[in-house]
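Thanks for coming. I will take the chain as a whole, then go through a few residues one by one.

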Amino acid sequence: MDVKIAHLFEHPEHLPDIARRIHEEWWADKSGHTVETMAARLTTTQQHDAVPLSPVALIGEIPVGTVNLVENDNDERRDLSPWLAALLVWPERRGLGIGSQLVRALVAEAARLGIGRI
């Protein structure tokens with residue numbers, strides 16, 4: 001199994017599915033949050049040289065997981081920034097090390113941007 005990590009903006013065709021999965025996993029029970037608002041948030045990750053970032057794990061051209069580097073998504077802990085958010089591996093692909101690959105890729109991207117701690 002060859003997993004490739006790419007930026008979401010390099011694969012915009014996967015934005016609707018990834019937004020839906022993140023919303024269902026982390027935000028569906030929170031008032032005022034929709035799949036559309038999640039897609040809009042992810043659309044701000046259309047760059048590779050600043051936060052926010054959205055790496056995506058792909059097997060072939062099929063997404064199997066994602067993670068995000070955001071300024072912060074917790075109003076109670078604004079002192080923690082930037083923030084690793086929404087690490088998600090599709091259930092049928094869990095236990096294969098994909099989450100670890102995504103975290104390592106995100107840490108490397110943060111280091112590339114001069115961020116030493118997330």
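Before anything else, a definition: a residue is called buried when its relative accessible area is under 20%, exposed when that figure is over 50%, and partly exposed in between. By that cut-off, buried residues account for 40% of the 118 residues in the chain.

What you are looking at is a predicted model. Mean pLDDT for the chain is 90, with 95% of its residues at 70 or more. Where is confidence lowest, and where is it highest? The low end is helix α2, residues 35–43, with a mean of 88, and the high end is strand β2, residues 55–59, at 97.

Now the layout. The chain contains 3 helices and 4 strands. Read from the N terminus, the order is β-α-α-β-β-β-α. The C-alpha trace spans about 40 × 35 × 25 Å along its principal axes. A compact globule of 118 residues would have a radius of gyration near 13 Å, so the 14 Å of this chain agrees with that. If we take the contacts between residues at least 6 apart in sequence, 56% of them join residues at least 24 apart.

On the surface, the chain exposes about 6,600 Å², and carbon and sulfur atoms supply 53% of that area. As for charge, there are 12 positive and 17 negative side chains, and the centres of these two sets are 4 Å apart.

Next, single residues. I start with Ala57, which sits in strand β2. Is Ala57 buried or exposed? Its relative accessibility is 0%, and therefore Ala57 counts as buried. Setting aside neighbours within four places in sequence, Ala57 contacts Val3, Lys4 and Ile5, then Ile62, Pro63, Val64 and Gly65, and finally Ile98 and Leu102. Take Ile98 from that list: Ala57 and Ile98 are 41 residues apart in sequence, yet their C-alpha atoms are 7.2 Å apart in space.

His11 is in a loop, the one between β1 (3–7) and α1 (15–27). Why does His11 count as buried? Because its relative accessibility is 9%, and the cut-off for buried is under 20%. Not counting residues up to four places away in sequence, His11 touches Lys4, Ala6, Leu58 and Glu61. Lys4 is thus on the contact list of His11 and also on that of Ala57.

Asp49 is a loop residue too, placed between α2 and β2. Here the relative accessibility is 53%, so Asp49 counts as exposed. Which residues does Asp49 contact, once neighbours within four places in sequence are left aside? They are Arg112 and Leu113. For a pair in space, Asp49 and Ala85 are 36 residues apart along the chain, and their C-alpha atoms are separated by 18 Å.

Two backbone details remain. Pro52 is in the loop between α2 and β2, and the peptide bond joining Val51 and Pro52 is cis, with omega about 10°. Ala86 belongs to strand β4, residues 83–89. Its phi is near 55°, a positive value in a residue other than glycine.

To go back over the three residues: Ala57 in strand β2 is buried at 0%, His11 is buried at 9%, and Asp49 is exposed at 53%. That is what I have; questions are welcome.

Technical notes:
Residues are numbered from 1 along each chain as its sequence is written. This is a predicted model: local features need pLDDT of at least 70, side-chain atom pairs count only at pLDDT 80 or more; totals for chains, interfaces and linings use all residues. Side-chain values use heavy atoms; hydrogens and water are left out. Buried means under 20% relative accessible area, exposed over 50%, partly exposed in between (1.4 Å probe, protein chains only). Contact means heavy atoms within 4.5 Å. The radius of gyration is taken over C-alpha atoms; the globule rule is 2.2 Å times the number of residues to the power 0.38. Accessible areas come from the Shrake-Rupley method with a 1.4 Å probe; for residues, only the protein chains shown count as cover. Lys and Arg count as positive and Asp and Glu as negative; His and the chain ends are not counted. The place of a charge is taken as NZ of Lys, CZ of Arg, CG of Asp or CD of Glu. pLDDT is the predictor's confidence in each residue, from 0 to 100.
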